[in-house]
Amino acid sequence: MLSILIGLPLFGSLVLGLWPKKMDGKWVRWSAVAVMSAALIWSIVVLLHFDLNATGMQLSEYVPWIQPLGLSYSLGMDGLSLPLILLTNLLSWVVIVGGVGKIMGHDTSTPPDRSRLFYVLVLLVNAGVTGGLLAQNLLLFIICYELELIPFYLLIVIWGGKQREYAATKFLIYTAISGVIILVAFLAMGWLGEFSSFDYGDIESKVSGLPQITQLVLLTLLIIGFGIKVPFVPLHSWLPDAYVEASSPVAILLGGVLSKLGTYGLVRFCLGLFPETWALVSPGILS
């Protein structure tokens, strides 16, 4: 059930992107609207099957993937990820329905109409963010976390303002560094804790046994990594350039979708895996 939330936009982007023949602009637009509408409707169906009174993960899916690496296709949804999924699909639908008319008039130096590419990139962003919100394996989360990196870069650099190349490159560098830092923290957890799997449940049950100083170092890495995405001061310098140079639809995705993934990571992985250590450092973060 959860795989469909990821599969619909991902499959839609592949079909639109790899379709061998030239497409009429209206046909492309309505195809993208249909795909995103189906994803939005399906997220409402998932909501109806979700028990709002229960705690813990629901509608879980698990398929072993690359077991030597501890990577599995593990999905789950709880009260934290559910509203973010609904928000992601709603904003993506709004951007697809009304996006092209806005992006074409943002800057006279932008290339001619590439609406097909625009829709493909927005659908890829949606699939990546949705996958990140549902992933219950740390390595799977990283894959989804980085999936939206190149699409967002292209959305800014193609349809942005006069300084779009600078803003897009800055965004790319900062976001790539964010992913690397988070990956290093995740791999360090596996190495220090001698985990055989990167499934969230397995790591959650063992990471509490690490020395507090080790937990503090790992938590600091995660806070920096996700703090770039949120972004926190002084890790925010990519944001003004990206928001100013991005077209209005892309700015909606940046503020309403991408930054929420960073906040989600803070709650899911920082607070969720290191609750006691988080209690020590959270006052400093809030100040």
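**Reading the pocket, the cavity and the cysteines**

The protein chain has 12 helices and 2 strands, where helices (H or I, at least four residues) and strands (E, at least two) are DSSP runs numbered from the N terminus. This is a predicted model, in which local features need pLDDT of at least 70 and side-chain atom pairs count only at pLDDT 80 or more, while totals for chains, interfaces and linings use all residues. Residues are numbered from 1 along each chain as its sequence is written, and side-chain values use heavy atoms, with hydrogens and water left out.

Visitor: In what order do the elements of the protein chain run?

Guide: From the N terminus on, the order is α-α-β-β-α-α-α-α-α-α-α-α-α-α.

Visitor: How does the radius of gyration of the protein chain agree with that of a compact globule?

Guide: The radius is taken over C-alpha atoms, and the globule rule is 2.2 Å times the number of residues to the power 0.38. For 287 residues the rule gives a value near 19 Å, and the protein chain has 19 Å, which agrees. Along the principal axes, the C-alpha atoms fill a box of roughly 60 × 40 × 35 Å.

Visitor: What share of the residues count as buried?

Guide: Buried means under 20% relative accessible area, exposed over 50%, and partly exposed in between (1.4 Å probe, protein chains only). Of the 287 residues, 51% count as buried.

Visitor: What share of the contacts join residues at least 24 apart?

Guide: A contact means heavy atoms within 4.5 Å. Among contacts between residues at least 6 apart in sequence, the share is 77%.

Visitor: How is a pocket told from a cavity, and which residues line the largest pocket?

Guide: On a 1 Å grid over the protein atoms alone, a cavity is a set of points where a 1.4 Å probe fits but cannot get out; a pocket is an open set with protein on both sides within 12 Å along at least five of seven lines. Lining residues have an atom within 4 Å of a point. The lining of the largest pocket includes Ile-6, Trp-65, Tyr-73, Gly-128 and Cys-144. Two or more residues each come from helix H1 (2-18), strand E2 (71-77), helix H4 (115-134) and helix H5 (138-147). H5 gives the largest share, 4 residues.

Visitor: What volume does the largest pocket have, and what classes of residue line it?

Guide: A volume is the space filled by probe spheres set on the points, with grid points joined across faces, edges and corners. For the largest pocket this is about 160 Å³. Ala, Val, Leu, Ile, Met, Phe, Trp, Tyr, Cys and Pro count as nonpolar, Asp, Glu, Lys and Arg as charged, and the others, Gly among them, as polar. The lining has 10 nonpolar, 2 polar and no charged residues.

Visitor: How many cavities of 30 Å³ or more does a search find?

Guide: The search of the whole structure finds 1. The largest cavity has a volume of about 40 Å³, and its lining includes Thr-88, Val-129, Val-257 and Lys-260. H11 supplies the largest share, 4 residues.

Visitor: Where is Thr-88, and what does it touch?

Guide: Thr-88 is in helix H3 and is buried at 3% relative accessibility. Leaving aside residues up to four places away in sequence, Thr-88 touches Asn-126, Val-129, Thr-130, Leu-133 and Val-257.

Visitor: Why do Cys-144 and Cys-270 form no bond?

Guide: A disulfide is a covalent bond between the sulfur atoms of two cysteines. The cut-off used here is a pair of cysteine sulfur atoms within 2.5 Å. The sulfur of Cys-144 is 18 Å from the closest cysteine sulfur, in Cys-270, which is too far for a bond. Cys-144 is buried at 10% relative accessible area, and Cys-270 is buried at 0%. A search of the whole structure finds 0 disulfides.
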